[in-house]
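The following exercises concern the packing of helices and of one loop residue. Please work through each task before reading its solution.

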Amino acid sequence: MTPAHSRYRFVRTLAGLGGLTAWLLTLAPTSGLAQDDDDDDEEAVAPQVACYTAASQGGLTDDYAATQLCRGARSSAPAKCFLRVQDQGSLTQAQALQLCQFATAEDDPASCYLQARGKSFGDDARLLQLCQPPVTEFLRYCPVPVQ
């Protein structure tokens, strides 16, 4: 095989791979962090930041509590839950934090707590156990405090 022939084969292989790569890229899903050119001026806000902002603007002035409430949040649901039970319930700040820390849009512990309290199911400690999101039980075995 001549050197010119092997170079031709190498270039042809690279071109084939480039075409394959371009074709595969068209099939790949777009990243959730990618932004359109029209949105260059707007920066996407992380869900934890949105939660923290909602909690702070809603009246939670304790930075440590707001950080604990919103760590790992996937939306502002923990802040909405916290503010709701603080406004309509009889929970302390620590109890409201415990109840709402891992709230999601699908799992609303505030509604559970307020309904159960309205039906006199028991004391606040039992209602917290009843209404906490399921992930809270797993985290008791491996707590990670924020400092």
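Contact here means heavy atoms within 4.5 Å. The model is predicted: local features need pLDDT of at least 70 and side-chain atom pairs pLDDT 80 or more, while totals for chains, interfaces and linings use all residues. Residues are numbered from 1 along each chain as its sequence is written, and side-chain values use heavy atoms, with hydrogens and water left out.

**Exercise 1.** Determine where Gln101 is found and which residues Gln101 touches.

*Solution.*
1. Gln101 is found in the loop between α5 (93–100) and α6 (109–118); helices are DSSP runs of H or I, at least four residues, numbered from the N terminus.
2. With a relative accessible area of 12%, Gln101 is buried (under 20%; exposed is over 50%; 1.4 Å probe, protein chains only).
3. Not counting residues up to four places away in sequence, Gln101 touches Gln68, Leu69, Arg71 and Pro78.
4. A polar atom of the Gln101 side chain lies 2.9 Å from the backbone oxygen of Gln68.

**Exercise 2.** Establish which residues of α7 (residues 124–131) are buried and what they pack against.

*Solution.*
1. Asp124, Leu127, Leu128 and Cys131 are buried.
2. These residues lie on the same side of α7, because they cover an arc of only 105° around the axis, taken from the directions from the helix axis to the C-beta atoms.
3. An α-helix has 3.6 residues a turn, so residues three or four places apart point the same way.
4. The face turned away from the buried side carries the exposed Arg126, Gln129 and Leu130.
5. The buried residues of α7 pack against α5 and α6.

Technical notes:
Helices (H or I, at least four residues) and strands (E, at least two) are DSSP runs, numbered from the N terminus. A polar contact is a pair of N or O atoms within 3.5 Å; within protein, one must be able to donate a hydrogen and the other to accept it, and residues adjacent in sequence count only if both atoms are side-chain atoms.
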